[in-house]
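Reader: Please present the structure, and then let us discuss its architecture in questions and answers.

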Amino acid sequence: MARQHVTTTINGEETEFLCEPHETLLTVLRDELQLTGTKEGCGTGDCGACSVLLDGRLICSCLALGVEAEGASITTVEGLASEDGLHPLQQHFLEDAALQCGICTPGFLVAAKALLDSNPDPTETEVRFALAGNLCRCTGYDKIIRAVLDTAADRRAPA
Ligand code: FES
Ligand code: FES
């Protein structure tokens with residue numbers, strides 16, 4: 001089948017790629033665009049390792065097609081840091097030791113960004129609920145939740 005031409009915006013940069021109609025967005029990101037920060041855990045929408053933002057909405061890129069990126073704006077974990085340095089969530093994940101093997105970390109970071117973008121002052125329950133779709137086999141979650149709450153607290157603190 002003919003490959004499809006897709007024009008999209010990824011991490012603020014206009015991007016074009018060719019993909020098969022059945023190819024997932026996850027495959028396109030990793031194999032076509034070499035954005036390998038987005039991880040494949042389950043491939044079935046259960047682990048959250050492949051989380052990205054599509055037009056600001058948190059999705060599992062293993063459940064989206066590459067062609068669905070047409071005209072959209074996508075944020076992957078590579079888009080979190082800026083020229084000024086790590087995103088505050090990344091900094092707090094480091095400071096709070098909220099990772100071990102790191103496979104789940106990009107998904108957690110993207111999901112946590114989606115949460116804080118819509119709710120800058122979440123309760124612990126809200127953080128746990130928002131990250132319930134992300135699985136970690138290593139850390140036990142508490143440090144991850146703490147890192148997100150610490151990021152939110154920092155942002156509220158007067159400069
Ligand atoms: S790889 Fe997409 S949810 Fe697990
Ligand atoms: S740090 Fe290993 S799966 Fe989360």
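**Sheet, helices and cores**

Author: Two bridges connect strand S3 (residues 51-54) with strand S5 (residues 73-75), and the two strands run antiparallel. Strands (E, at least two residues) and helices (H or I, at least four residues) are DSSP runs numbered from the N terminus, and two strands pair if DSSP finds at least two bridges between them. This is a predicted model, in which local features need pLDDT of at least 70, side-chain atom pairs count only at pLDDT 80 or more, and totals for chains, interfaces and linings use all residues. Residues are numbered from 1 along each chain as its sequence is written, chains are lettered from A and ligands numbered from 1 in the order in which they are written, and side-chain values use heavy atoms, with hydrogens and water left out.

Reader: Which residue in S5 is the bridge partner of leucine 53?

Author: Strands of a sheet pair through backbone hydrogen bonds, either parallel or antiparallel. For leucine 53, the bridge partner in S5 is threonine 75.

Reader: In what order do the five strands form the open sheet?

Author: The pairing in this open sheet is mixed. Its edge strands, each pairing on one side only, are S4 (57-60) and S2 (13-19). The order of the five strands is S2-S1-S5-S3-S4.

Reader: Against which strands do the buried residues of H1 pack?

Author: Buried means under 20% relative accessible area, exposed over 50%, and partly exposed in between (1.4 Å probe, protein chains only). In helix H1 (residues 25-32), Leu25, Leu26, Val28 and Leu29 are buried. Contact here means heavy atoms within 4.5 Å. The buried residues of H1 pack against S1 (4-10), S2, S3, S4 and S5.

Reader: Which helix supplies the largest share of the largest nonpolar core?

Author: A nonpolar core is a set of buried Ala, Val, Leu, Ile, Met, Phe, Trp, Tyr and Cys residues joined through side-chain atoms within 4.5 Å. The largest such core has 24 residues, and Leu89, Phe93 and Phe108 are among those that touch the most other members. Helices H2 (88-95), H3 and H5 (142-156) each supply at least two residues of this core. The largest share, eight residues, comes from H3.

Reader: What radius of gyration does the protein chain have?

Author: The radius is taken over C-alpha atoms, and the globule rule is 2.2 Å times the number of residues to the power 0.38. For 159 residues, a compact globule would have a radius of gyration near 15 Å, which agrees with the chain's value of 16 Å.
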